[in-house]
Amino acid sequence: QVQLLESGGGLVQAGGSLRLSCAASGSIGSINVMGWYRQAPGNQRELVAIINSGASTNYADSVKGRFTISRDNNKNTVYLQMNSLQPEDTAVYYCYCNIQSTRWRTYWGQGTQVTVSS
């Protein structure tokens, strides 16, 4: 069984920073793509950033230059450093990973709330 455990959300003022972490545990063979999505109330879940096993990254236009995704393969952990946060970044952030356990499948974290006050 594979689990993803997220941490690092919270309340921050506009212009502030937060760092999200997501650690995968359990019966893990390999991990290729890791990433973060977010969902604000009334909105669809949207991609924030992804990173592949070769450390290539891709970001939503709305977060480019402010957010940085990284991974520690030794710890099976993906991070999202969020700087210059704005109220429109308020959402529940979900990590996801494509993991080979008994087979390849996508796993999701439980979600962590990020609230940015103006």
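This is a short walk through one protein chain, from its overall build down to a few single residues.

Okay, some ground rules before we look around. What we have is a predicted model, where local features need pLDDT of at least 70, side-chain atom pairs count only at pLDDT 80 or more, and totals for chains, interfaces and linings use all residues. Residues are numbered from 1 along each chain as its sequence is written, and side-chain values use heavy atoms, with hydrogens and water left out.

Let's start with the overall build. The protein chain has 11 strands and zero helices. For those labels, helices (H or I, at least four residues) and strands (E, at least two) are DSSP runs, numbered from the N terminus. Reading along the sequence, you just get β-β-β-β-β-β-β-β-β-β-β. The radius of gyration is 14 Å, close to the 13 Å from the globule rule for 118 residues, so the protein chain is as compact as a globular protein of that length. That radius is taken over C-alpha atoms, and the rule is 2.2 Å times the number of residues to the power 0.38. If you like box dimensions, the C-alpha trace spans about 45 × 25 × 25 Å along its principal axes.

Now, inside and outside. Of the 118 residues in the protein chain, 40% are buried. Buried here is under 20% relative accessible area, exposed is over 50%, and partly exposed is in between (1.4 Å probe, protein chains only). The protein chain exposes about 6,200 Å², with carbon and sulfur atoms supplying 43% of it. Those areas come from the Shrake-Rupley method with a 1.4 Å probe, and for residues, only the protein chains shown count as cover.

How do contacts run along the sequence? Among contacts with a separation of 6 or more, residues 24 or more positions apart account for 55%. A contact means heavy atoms within 4.5 Å.

On to the cysteines. How many disulfides does a search of the whole structure find? One, where a disulfide is a pair of cysteine sulfur atoms within 2.5 Å. The partners are cysteine 22 and cysteine 95, with sulfur atoms 2.0 Å apart. This pair ties together distant parts of the chain: cysteine 22 sits in strand β3 (residues 18-26) and cysteine 95 in strand β9 (residues 91-100), 73 residues apart. The torsion about their S-S bond is about 40°, so the disulfide is right-handed. Cysteine 22 is buried, at 0% relative accessibility, and cysteine 95 is buried too, at 0%.

There's another cysteine to look at, cysteine 97, also in strand β9. Why is there no bond from cysteine 97 to cysteine 22? The cysteine 97 sulfur is 4.9 Å from the one in cysteine 22, its closest cysteine sulfur, and that is too far for a bond. Cysteine 97 counts as buried, with 0% relative accessibility. Setting aside residues up to four places away in sequence, cysteine 97 touches Leu4, Ile31, Val33, Met34, Arg105, Thr106 and Tyr107.

Stay in strand β9 for a moment, since tyrosine 94 is found there as well. Tyrosine 94 is buried, at 15% relative accessibility. Beyond its neighbours within four places in sequence, tyrosine 94 has a list of contacts including Glu6, Trp36, Tyr37, Arg45 and Trp108. Tyrosine 94 and leucine 4 are 90 residues apart along the chain, and their C-alpha atoms are separated by 9.8 Å.

Next, strand β11 (residues 112-117), home of threonine 115. Is threonine 115 buried or partly exposed? Threonine 115 is partly exposed, at 28% relative accessible area. Leucine 11 is 104 residues away from threonine 115 in sequence, yet they are 4.7 Å apart in space, C-alpha to C-alpha. Apart from neighbours within four places, threonine 115 contacts Gly10, Leu11, Val12 and Thr90.

Last stop, two loop residues. Alanine 55 is not a glycine, but has a positive phi of about 75°. You'll find alanine 55 in the loop between β5 (46-51) and β6 (57-59), partly exposed at 47% relative accessibility. Asparagine 76 is another non-glycine residue with a positive phi, near 50°. Asparagine 76 lies in the loop between β7 (67-72) and β8 (77-82), and is partly exposed with a relative accessible area of 23%.
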